[in-house]
Amino acid sequence: NNDQAEAATKPLYANRPLMRQRMNEALAQLKAQAKDAPIDLRHLAAIGFCFGGTAVLDLARSGADVAAVVSFHGGLSTDDPALAKQIEARVLVMNGADDSWTMKDADAFMNEMRGSPADWQFVVLGHAVHCFTETDQHSPGCMYDARAAARSYRLMHDWLDHAFAGTD
């Protein structure tokens, strides 16, 4: 439930270095499985929704060796905008135009990305609010939007195809 989710994520929002450390530890665990599992280390991406979207952006900011990160309605803020200079991944961020939780940080996020070497794109989906990909969400500030979800998934697939192929 929301209270449990907030209790689990609040300490990581308050300690972004810890969030980046945990994301990198998770990536290292995944990479370690490549010797025993069908994992193509040349085609790794991190995809996250809401808190997960925030987490994959912090993974990218840490300079992690992934081809791409994709954030759906994730938080855009950072504790250290200079970390963007370390980004190696292609970065695709998709947020709802009417998302009061994330869009307040949109200008600062774009300025941060302008200072990065990353190939990045920030997509604002019209009339969408937070949680636009979550089919079970139906409250005013957190609501599923089938059109925005479908568009964002198509954009993600195209972004990953190009990231893995090494093309524009």
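**Notes on helix H5, the cores and two odd loop residues**

1. Let's start with helix H5, residues 146–165. At 1.5 Å a residue, its 20 residues should span 28 Å, and the C-alpha atoms at its ends are 29 Å apart, so the two values agree. Keep in mind that this is a predicted model.

2. Which residues of H5 are buried? They are Ala 148, Ala 149, Ser 152, Met 156, Trp 159, Leu 160 and Ala 163. Look down the axis of H5 and you'll find these buried residues within an arc of 95°, so they line one face of the helix. If the spacing of the numbers puzzles you, remember that an α-helix has 3.6 residues a turn, so residues three or four places apart point the same way.

3. What does that buried side pack against? The answer is four strands: S1 (45–49), S2 (68–72), S3 and S4. Turn to the face of H5 that points away from the buried side, and you meet the exposed residues Arg 154, Asp 161 and Ala 165.

4. Now check the two ends of H5. At the N-terminal end, Asp 145 acts as a cap, with a side-chain oxygen 3.1 Å from the backbone nitrogen of Arg 147. Just past the other end of H5 comes Gly 166, whose phi is positive, at about 70°.

5. On to the nonpolar cores. The largest one has 22 residues, and the members that touch the most others are Val 69, Leu 76, Ile 87, Val 91, Val 93, Phe 109 and Phe 122. Helix H3 (51–61), strand S3 (90–96) and helix H4 (106–114) each give this core at least two residues. There's also a second, separate core of 14 residues, with Ala 68, Phe 72, Leu 92 and Ala 163 among them.

6. Val 69 deserves a click in the viewer. Leaving aside residues up to four places away in sequence, Val 69 touches Ala 46, Val 56, Ala 60, Ala 89, Arg 90, Val 91, Leu 92 and Trp 159. You've already met Trp 159 as one of the buried residues of H5.

7. Last, the loop between strand S4 (120–125) and strand S5 (138–139), where His 127 is found. Most residues other than glycine have a negative phi. His 127 is not a glycine, yet its phi is positive, at about 65°. Cys 131 lies in the loop between S4 and S5 too, and its phi is also positive, near 70°. Are these residues buried or exposed? His 127 is exposed, with a relative accessible area of 65%, whereas Cys 131 is buried, at 2%.

How values were computed: Residues numbered from 1 in each chain as written. Predicted model: local features only at pLDDT ≥ 70, side-chain atom pairs only at ≥ 80, totals over all residues. Heavy atoms only, no water. Buried < 20%, exposed > 50% of the residue type's maximum accessible area, 1.4 Å probe, protein only. Core = buried A, V, L, I, M, F, W, Y, C linked by side-chain atoms within 4.5 Å. Contact = heavy atoms within 4.5 Å. Expected span 1.5 Å × (residues − 1). Arc of directions from axis to C-beta. Polar contact = N/O pair within 3.5 Å; in protein donor to acceptor, adjacent residues only side chain to side chain.
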